[in-house]
Each structure stands twice: as C-alpha cells, then as structure tokens.
Amino acid sequence: TVVVAECQSDARGRFGRHWISAEGGSLSLSVVLYPSIGKLQRLSIATSVAVMRSIHRVTGLAPTLKWPNDVRLNGKKTCGILVEAVIKGEMDGFAVVGVGFNVNIQLALYPAIASIATSLSHELGVTVSREDLMAAFLEELGDIYGNPLPWTNVQQEWVDALETLGKQVKVLWGERIEEGLAEAVDSEGNLLLRRNDGTTVALPGGEVTLQV
C-alpha cells in the first residue's frame, strides 16, 4: 500500500521534528510493508539506497548520505526518511516507510531551513517531475526489497555514499552524547565511533552533528 499526500499540514520527521511538506513542491509518501524481522532491520538502509538511486535516475544528480539516512546534495538535506514499525511476535507486524523529497520547493519561502536544505529543482535549475520521481523510487524500493541478490551489494552502496565516515562527530543517542571519530559502520548499520580516549562504541541510528 502506498499513500501519497499533495501536502501535509503537520508532517513529522525523525525525533518528532516538524517537516515542511509544501503543496506542489514536495513529494510526500508512505509505503506500508510487512517485512520479516531480518528485512525490518534493513529497511532504513534499503530506503536510503532506493532514494539515492531514484534521484540519480531522474535527475542525474549524485546524492550522499549523512548517517544514518539523511539524503543530501552539496551538503544540504534534500530528502528525509522515517521508518516506523509495529511488531507482534516474530512474523506478525508491519512497517511504514515515510519519505519526504524536496522536489520543487522554493526555499526562499522557508528561511528557517534555507541554510540547511535544498531541493532537486534548486540544484538542477529546472522543474522536476514528482510523478517520475515517485515511480522511480517505488521501482527501486521494490527491486531492493524483493531482490534475492546478496544484501552486501546494497549495503556497500549505502556505505560508499556515507559522507560522515572519517569525520569528527557528535552523536545524540537518546539522552546520551558521544563524541569522536566516525570510523566505520557494522553489518547492522550501526556507527562505529572511536572516542577521544581510544575506546570504541557501536551506536544505532542517532542524530549526528559534524564537529568543526
């Protein structure tokens, strides 16, 4: 099941933050899936790769990722991803994959995000078809979700796009803050952070701030 909104008056991103979903400028959709536990753990990575592939396919642009799943162009966010799940036992449950693309949004109308966000049309200089982008995204997500090929291929594509690796970062994880070098990611997508005292810690999806 796929639900698409022309715009949203109270759109929500990660950590409960408000997300701007502008009429005519955004592509806002949710996909309902029924994954196994194994596939559920991979949904965030799978969605990130599907978003990057679809943007490149429609526009020719090459997005990068800020760990774990902020899709960026030229250092600014162009797509947000939120995966939420309800688990009932080992096989029973569902997941909702929410995706918000900044497609043709006029950033000058939203000064609060103009310095940290961008849109596909802003990067290209032309209007981008939201319909073509939606079709490409759903095809790419379906291909990854149902593809029997090794998962390592998709995961490596995700790792290669991570601009966070090799940088000094601060990670907010719940009420805990960790600082250090973003050294690598493990097979589950956790960030391997080397603290300043030389110890390492594996962090699940958190909020990352680059340290200057």
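## Helix α2 against α4

In this predicted model, helices α2 and α4 are oblique to each other, because their axes cross at roughly 140°. Helix α4 spans residues 130-146. The two axes come within 8 Å. The crossing is right-handed.

From α2, the contact draws on L43, A46, T47, V49, A50, V51, R53, S54, I55, R57 and V58. From α4, the partners are D132, L133, A136, F137, E139, E140, L141, D143, I144 and Y145. By class, this contact holds 13 nonpolar, two polar and six charged residues.

## Helix α2 against α5

Helix α2 covers residues 43-59, and helix α5 covers residues 151-161. Their axes come within 9 Å. The crossing angle is roughly 70°, and an angle from 65 to 115 degrees counts as roughly perpendicular. The pair α2 and α5 is therefore roughly perpendicular. Their crossing is left-handed.

On the α2 side, I45, A46, S48, V49, M52 and R53 take part. They meet W151, V154, Q155, E157, W158 and A161 of α5. Eight nonpolar, two polar and two charged residues make up the contact of α2 with α5.

A46, V49 and R53 appear in the α5 contact. A46, V49 and R53 also appear in the α4 contact.

## The second largest pocket

Helix α2 also contributes to a pocket lining. The second largest pocket has a volume of about 380 Å³. Its lining counts 20 residues. Q41, S44, P68, N69 and G205 lie nearest the centre of this pocket.

Which element gives the most to the lining of the second largest pocket? Strand β5 does, with four residues. This strand runs over 76-88. Both α2 and β5 supply at least two lining residues each. By class, the lining has 12 nonpolar, six polar and two charged residues.

## Backbone features in two loops

P68, one of the residues nearest the pocket centre, sits in the loop between β3 (64-66) and β4 (70-73). The peptide bond leading from W67 into P68 is cis. Its omega is near 0°.

The loop between β4 and β5 holds N74. N74 is not a glycine, yet its phi is positive, at about 50°. Strand β5, which follows in 76-88, is the element that gives the most to the pocket lining.

Note on methods: Residues numbered from 1 in each chain as written. Predicted model: local features only at pLDDT ≥ 70, side-chain atom pairs only at ≥ 80, totals over all residues. Heavy atoms only, no water. Axes fitted to C-alpha atoms, helices over the stretch in contact; angles between N-to-C directions. Parallel < 35°, antiparallel > 145°, perpendicular 65-115°, else oblique. Left-handed = near helix turned anticlockwise from the far one by under 90°. Contact = heavy atoms within 4.5 Å. Nonpolar A, V, L, I, M, F, W, Y, C, P; charged D, E, K, R; others polar. 1 Å grid on protein atoms, 1.4 Å probe; cavity = no way out; pocket = protein on both sides within 12 Å on 5 of 7 lines; lining within 4 Å. Points joined across faces, edges and corners; volume = space filled by probe spheres on them.
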